[in-house]
Amino acid sequence: MTTPASSAADPASAFPPPSHPRLIVPRRFADQRGWFCETWNAARLAGQGLDVAFVQDNQSWSARRGTVRGLHFQVPPHAQGKLVRAVRGRILDVAVDIRRGSPTYGRSVAVELTATGGEQLWVPVGYAHGFCTLEDDCEVAYKVTDFYAPASEGGLAFDDPALAIPWPVAPGEASLSDKDTTYGGLAGFDSPFAYDGVPLQPECVVP
């Protein structure tokens with residue numbers, strides 16, 4: 001049920017609106033000192049269909065490989081879109097379509113994000129998000145479109161068989177927070193997110 005990431009944008013199609021997951025790979029300018037890149041440029045990305053406003057930056061550190069954080073979301077009116085990147089190490093980043101009525105409801109996108117490559121995943125409102133660290137000592141930074149609202153927090157069990165996410169760690173070996181062990185699966189989940197007409201597809205890669 002997982003949709004793999006594409007390696008290139010489809011030149012015959014327009015960039016999808018912000019309701020679609022997007023893999024963004026900022027260009028790096030390298031010289032003898034190292035490299036420089038713009039990790040976010042609102043004007044440039046708005047011109048490519050990703051016109052969003054971020055209000056908060058978050059960062060996490062995970063000591064061990066096999067740490068799973070997720071699957072998380074915030075319900076309306078405090079729903080969040082997220083732009084996620086690894087600033088140290090590597091992660092498998094996952095977005096799950098949880099929009100009621102969507103033809104791709106319950107399907108997911110799973111992409112590897114690395115500090116060395118600089119890849120970023122845009123996770124729109126209406127998707128549950130989570131990641132698994134692929135090595136020790138990982139740091140993840142992400143921008144969000146609404147403030148953290150504890151009363152609006154929600155989640156799904158990362159290892160729900162109905163989601164069939166190819167996590168690189170066995171469920172019994174994953175390192176989880178206490179809160180993440182309490183979430184249920186997709187069965188019986190009453191989604192607060194409505195389908196907006198854009199089904200899940202392989203990401204467009206934005207250079």
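1. In what follows, Ala, Val, Leu, Ile, Met, Phe, Trp, Tyr, Cys and Pro count as nonpolar, Asp, Glu, Lys and Arg as charged, and the others, Gly among them, as polar. With that sorting in mind, the lining of the largest pocket divides into 7 nonpolar, 12 polar and 5 charged residues. The model discussed here is a predicted one.

2. As for the overall build, the protein chain has 1 helix and 16 strands, and 47% of its 207 residues count as buried. If one takes the contacts between residues at least 6 apart in sequence, 85% of them join residues at least 24 apart. The accessible surface of the protein chain comes to about 9800 Å², and carbon and sulfur atoms account for 53% of that surface.

3. The largest pocket deserves a second look, and a student may begin by rotating the model until R69, H72, K82, Y142 and E153 come into view, since these are the residues of the lining that lie nearest the centre of the pocket. The volume of this pocket is about 520 Å³, and 24 residues line it. Which strand gives the most to the lining of the largest pocket? It is β6, with 5 residues, while β5 (56-62), β6 (68-74), β12 (127-133) and β14 (153-155) each supply at least two residues of the lining.

4. The largest nonpolar core has 22 residues, and those that touch the most other members are L71, V94, V96, I98, L156 and W167. The strands β6, β8 (90-97) and β12 each supply at least two residues of this core. A second core, separate from it, has 14 residues, including V84, I91, L113 and V140. As a general background to both, nonpolar side chains tend to be buried together in soluble globular proteins.

5. V94 is a good residue on which to practise reading contacts. Leaving aside residues up to four places away in sequence, V94 touches L71, S108, V109, A110, A128, H129, G130, I165 and W167. Two of these partners, L71 and W167, are named with V94 among the residues of the largest nonpolar core that touch the most other members.

6. Two peptide bonds should be checked by eye. The bond from G70 to L71 is cis, with omega near 10°, and L71 is found in strand β6. The bond from P76 to P77 is also cis, again with omega near 10°, but P77 has its place in the loop between β6 and β7 (82-88).

7. Two residues that are not glycines have a positive phi. For D137, phi is about 60°, and this residue is found in the loop between β12 and β13 (138-144). For A164, phi is about 50°, and its place is in the loop between β14 and β15 (193-194). Are D137 and A164 buried, or are they partly exposed? D137 counts as partly exposed because its relative accessibility is 33%, and A164 counts as partly exposed because its relative accessibility is 38%, given that this class runs between 20% and 50%.

8. Finally, S102 shows that a loop residue can be covered. S102 lies in the loop between β9 (99-100) and β10 (108-114), and why does S102 count as buried? The reason is that its relative accessibility is 8%, whereas the cut-off for buried is under 20%. Not counting residues up to four places away in sequence, S102 touches D97 and Y195.

Note on methods:
Residues numbered from 1 in each chain as written. Predicted model: local features only at pLDDT ≥ 70, side-chain atom pairs only at ≥ 80, totals over all residues. Heavy atoms only, no water. Helix = DSSP H or I, 4+ residues; strand = E, 2+ residues; numbered from the N terminus. Buried < 20%, exposed > 50% of the residue type's maximum accessible area, 1.4 Å probe, protein only. Contact = heavy atoms within 4.5 Å. Areas by Shrake-Rupley, 256 points an atom, 1.4 Å probe, with all protein chains shown as cover. 1 Å grid on protein atoms, 1.4 Å probe; cavity = no way out; pocket = protein on both sides within 12 Å on 5 of 7 lines; lining within 4 Å. Points joined across faces, edges and corners; volume = space filled by probe spheres on them. Core = buried A, V, L, I, M, F, W, Y, C linked by side-chain atoms within 4.5 Å.
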